[in-house]
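The following exercises concern side-chain burial, ring pairing and helix packing. Each task is followed by a worked solution.

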Amino acid sequence: MLRHLGTKRTYAHNVKLASLLCITAGFVNAAGFLGFAVLTTNVTGHAALFAERIAMQDWKTARVVALWMFLFLAGAFISSVIVSFIGRNQRFSYVIPILIEIAILLGVAVFGYKYDQSLVGKEIFAGSLLFAMGLQNSLVSIVSGSVVRTTHLTGTFTDLGIELGQVIQKNTVDKAALKTRIKLRSAIIFFFMCGALSGAYLFRYLSFHAFFIPLAILVFTLLSDVYRIKIKRYYIHHNPFN
């Protein structure tokens, strides 16, 4: 689901990618909001908050919000640079961004209890999650050819609305491909919502230790892709009929 690029990618690859990483993003968004009172997977709301704080001349909070937006951008930038440096067509170009994201979630899960409701604490913890989501969104966008977005639903709902309008038109060409895209958009929305519901529910009982769950999903995603590669290589090299 991560190593196949371009024409090698299929609908199944994108659905697998969406199912695992949309759950992760939805979980982080809900748990991050409950833990730090900050939306941690997109910057749309932060742009409005930034403008409102500027208008209220609350420069301290405006600076923090600007930092959050910058960190999401920085995460997307760094993920893109890492993949470009290693090479988009290299099998393990996605490993480093995911490992960084895993490290960030581990830090929040282990040290989140130290959050003291201060602006500095919120700046650090929420900012780190925004950076991680920037990493993930950029990586998934690159891998899927901008087909899958995992950290927000605004564009997905827009695309789904457009495609639902197109599918009922009689003169629509290639309705099969259109229906496939609708199924993928629906899967993205469904799994993001599942992640959000799980994050909201489990954070109430596990507090910051709930972040171990999206961390485990990322580890599973990474190992499953690497493990499948190794199994394939072993089969090719040891198959007596080759």
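**Exercise 1. Classify Y205 by its accessibility, then describe its ring pair.**

Step 1. Y205 has a relative accessible area of 54% and is therefore exposed, where exposed means over 50%, buried under 20% and partly exposed in between, computed with a 1.4 Å probe on protein chains only. The model is a predicted one, in which local features need pLDDT of at least 70, side-chain atom pairs count only at pLDDT 80 or more, and totals for chains, interfaces and linings use all residues. Residues are numbered from 1 along each chain as its sequence is written, and side-chain values use heavy atoms, leaving out hydrogens and water.

Step 2. Y201 has a relative accessibility of 47%, so it counts as partly exposed.

Step 3. Both tyrosines belong to helix α7 (residues 175-206), where four residues, about one turn of the helix, separate them. Helices are DSSP runs of H or I with at least four residues, numbered from the N terminus.

**Exercise 2. Characterise the aromatic pair of F36 and F125.**

Step 1. Seven aromatic pairs are found in a search of the whole structure. Rings of Phe, Tyr and Trp (its six-membered ring) pair if their centres lie within 6.5 Å; planes under 30 degrees apart are stacked, over 60 edge-to-face, and the rest tilted.

Step 2. The pair of F36 and F125 is stacked, with 5.4 Å centre to centre and 5° between the planes.

Step 3. This pair joins distant parts of the chain, since F36 is in helix α1 (residues 11-36) and F125 in helix α5, 89 residues apart.

Step 4. F36 is buried because its relative accessibility is 1%; F125, at 13%, is also buried.

Step 5. Ring pairs also place F36 and F125 in a cluster with Y115, F203 and F208.

**Exercise 3. Determine the surroundings of L129 and E101.**

Step 1. L129 is part of helix α5 (residues 119-144), and its relative accessible area of 0% makes it buried.

Step 2. Apart from neighbours within four places in sequence, L129 contacts V28, G32, F36, T40, I104, L105, V108 and F211; contact means heavy atoms within 4.5 Å.

Step 3. For T40, which is 89 residues from L129 along the chain, the separation of the two C-alpha atoms is 5.8 Å.

Step 4. E101 is located in helix α4 (residues 95-111) and is buried, because its relative accessibility is 2%.

Step 5. Beyond its neighbours within four places in sequence, E101 touches T24, A132, M133, L135, Q136 and L218.

**Exercise 4. Describe how helix α3 packs against α2 and α4.**

Step 1. The axes of α2 (residues 44-55) and α3 (residues 59-86) come within 8 Å and cross at roughly 160°. Axes are lines fitted to C-alpha atoms, for helices over the stretch in contact, and angles run from 0 to 180 degrees between N-to-C directions.

Step 2. The crossing angle of roughly 160° therefore makes α2 roughly antiparallel to α3, a term for angles over 145 degrees, with under 35 roughly parallel, 65 to 115 roughly perpendicular and the rest oblique.

Step 3. On the α2 side, H46, A47, L49, F50, R53 and I54 meet W59, T61, A62, V65, A66, W68 and M69 of α3.

Step 4. The axes of α3 and α4 are 8 Å apart, at an angle of about 145°.

Step 5. S79, I82 and I86 of α3 meet I96, P97 and I100 of α4.

Key
Helix = DSSP H or I, 4+ residues; strand = E, 2+ residues; numbered from the N terminus.
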